[in-house]
Amino acid sequence: MTKRRKCISTIILVLFCTLNLNAQSNTVLSQYFSTPLFYNPGSAGDNNSINIIGAGQIQHTKPTLEIKNGKASADMPLAINNHLTGIGVMADYSSIGAYRSFNASLIGSWKIKVGEGNLSIGITPGVSDIKIKPVDQKNDSQSEKWKSNTTKHKTRFDFGAGLWYKTRQWWTGISATHIGTKSQRSSPTDFVNQSRTENEENEEATKSGEYDFSTGMAFYFIAGGNIVIKSSLLDLEPSLLAAYSGNKLNGQATLRAIWKKTVWIGSGYRSDHSTPLMLGVDIKGFRLGYSYILPVNQPSKDRHNGHEITAGYRLRLDLPKKSRHRHKSVRIM
């Protein structure tokens, strides 16, 4: 069995393991394969291009909870003494009921040649701002979810790191975000949906400083590959993303068909019992993708659907090639 087939077999094996997870994630984008920088800083400067991309997701859950998430990033490679590195910036915003979070960070990666590809070590220092706002007491359904008369707010230093490995045919990486913060006993969605009694207890704990309502540490594993079939006009790209946060494990597996490296369609399965239906185009550096998150076999009380869109631009760069010769001329007199 070739190395390429072994890699694809490993991805498929992990894919089926991921599908058995029974948890819910509201901040993982269904088009994660187009935005790996959001989950692993090691992917910064992964190609000879300036990459600018933004993504937004909105979901509605029964009865009234609305989940919004927006992300944006820009990165580029940088050659320092003929050694390739990557730099970038990133920001994201989340809104889940009364919960608000905003994160902004710088990104840096250092790349070394390992085997057939490049191994990258990435870090992302930044700032995290968490806020829980009181809801309108006139809305009975919301007031039942969150009982609070004061806004709780905290700003702190944030840090993340990741390892990233990429070859011409496949890529994979592991990473951690919000390193050093305490993992919550529940996700932000669960925190907003706690019962009246729990909310009163948590409110008192927050006032005394005992309750940490930050997002907590999160760990990610991401992988994908390119399967070239007989037709030179069509490529198949399987990928997966697994995340562990707040003592919960969740994930998504996706398969895309790409026509002439320009138009693609895809679908997959998320461990929150939903299926994203996706399509996108990539024309002359411009990238656009849309996803509709379709609920599948979800209990009526947890049923939700959503929309997601990604847009970006890629500007090709000509970086100097590393050479063992100091001279630049091809002629030696």
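This is a chat between two coworkers about a predicted model and some of the contacts and turns in it.

Colleague: Hi! Let's start with the rings. How many aromatic pairs does the structure hold?

Modeller: Hello! The structure holds seven aromatic pairs. One of them is formed by Tyr32 and Phe33, with 5.6 Å from centre to centre and 70° between the planes. That geometry makes the pair edge-to-face.

Colleague: Are Tyr32 and Phe33 buried or exposed?

Modeller: Tyr32 is buried, and Phe33 is buried too.

Colleague: Which residue joins Tyr32 and Phe33 in a cluster of ring pairs?

Modeller: That is Trp264, which ring pairs link with Tyr32 and Phe33 into a cluster. Trp264 also has a charged partner: Arg256 lies over its face, at 4.9 Å from the ring centre.

Colleague: Nice. And what does the charged end of Lys71 sit over?

Modeller: Lys71 has its charged end over the ring of Phe38, 5.8 Å from the centre of that ring.

Colleague: Back to ring pairs for a moment. What kind of pair do Phe219 and Tyr244 form?

Modeller: Phe219 and Tyr244 form a tilted pair, with 6.5 Å between the centres and 35° between the planes. Phe219 lies in strand 8 (residues 218–225) and Tyr244 in strand 10 (residues 234–245), so this pair ties together parts that are 25 residues apart in sequence.

Colleague: How would you class Phe219 by its accessibility?

Modeller: Phe219 counts as partly exposed, at 39% relative accessibility. Its partner Tyr244 is also partly exposed, with a relative accessible area of 35%.

Colleague: New topic: salt bridges. What lets side chains of opposite charge pair?

Modeller: They can pair when their charged atoms come close.

Colleague: Okay, and how many salt bridges are there?

Modeller: The count comes to four salt bridges. Among them is the one where the side chains of Lys261 and Asp235 meet, at 2.9 Å from N to O. Lys261 is in the loop between strand 11 (248–259) and strand 12 (263–270), while Asp235 is in strand 10, so the pair ties together parts that are 26 residues apart in sequence.

Colleague: Is Lys261 buried or exposed?

Modeller: Lys261 is exposed, with a relative accessible area of 58%. Asp235, on the other hand, counts as buried at 8% relative accessibility.

Colleague: You brought up Arg256 earlier. Which residue does Arg256 form a salt bridge with?

Modeller: The partner of Arg256 is Glu237, and their closest N and O atoms are 2.5 Å apart. This pair links distant parts of the chain, as Arg256 is in strand 11 and Glu237 in strand 10, 19 residues apart. Arg256 counts as buried at 9% relative accessibility, whereas Glu237 is partly exposed with a relative accessible area of 23%.

Colleague: So what do we have around Arg256?

Modeller: Arg256 has a salt bridge with Glu237, and Arg256 also lies over the face of Trp264.

Colleague: What about Arg287, which side chain does it meet in a salt bridge?

Modeller: Arg287 meets Asp282, with 3.8 Å from N to O. Arg287 is partly exposed, at a relative accessible area of 24%, and Asp282 is partly exposed at 29%.

Colleague: Let's switch to strands. In which sense do strand 2 and strand 3 pair?

Modeller: Strand 2 (residues 66–80) and strand 3 (residues 83–96) pair in the antiparallel sense, over 14 bridges. To place yourself, find Asn69, which stands opposite Ser94 in strand 3.

Colleague: How many residues are between strand 2 and strand 3 in their hairpin?

Modeller: There are two residues between them, and Asn81 in the turn has a positive phi of about 55°.

Colleague: And what does strand 3 do with strand 4?

Modeller: Strand 3 pairs with strand 4 (residues 99–114), again in the antiparallel sense, over 12 bridges. Here Ile96 stands opposite Tyr99 in strand 4. The hairpin of strand 3 and strand 4 has two residues between the strands, and Gly97 takes a positive phi near 65°.

Colleague: Last one: where is His178, and what is its phi?

Modeller: His178 is in the loop between strand 7 (170–177) and helix 3 (188–192). Its phi is near 55°, a positive value in a residue other than glycine. His178 is buried, with a relative accessible area of 13%. Lys260 also has a positive phi of about 55° although it is not a glycine, and Lys260 sits in the loop between strand 11 and strand 12.

Key
Residues numbered from 1 in each chain as written. Predicted model: local features only at pLDDT ≥ 70, side-chain atom pairs only at ≥ 80, totals over all residues. Heavy atoms only, no water. Phe/Tyr/Trp six-rings, centres within 6.5 Å; stacked < 30°, edge-to-face > 60°. Buried < 20%, exposed > 50% of the residue type's maximum accessible area, 1.4 Å probe, protein only. Helix = DSSP H or I, 4+ residues; strand = E, 2+ residues; numbered from the N terminus. Lys NZ or Arg CZ within 6 Å of the ring centre and 35° of its normal. Pairing = 2+ DSSP bridges.
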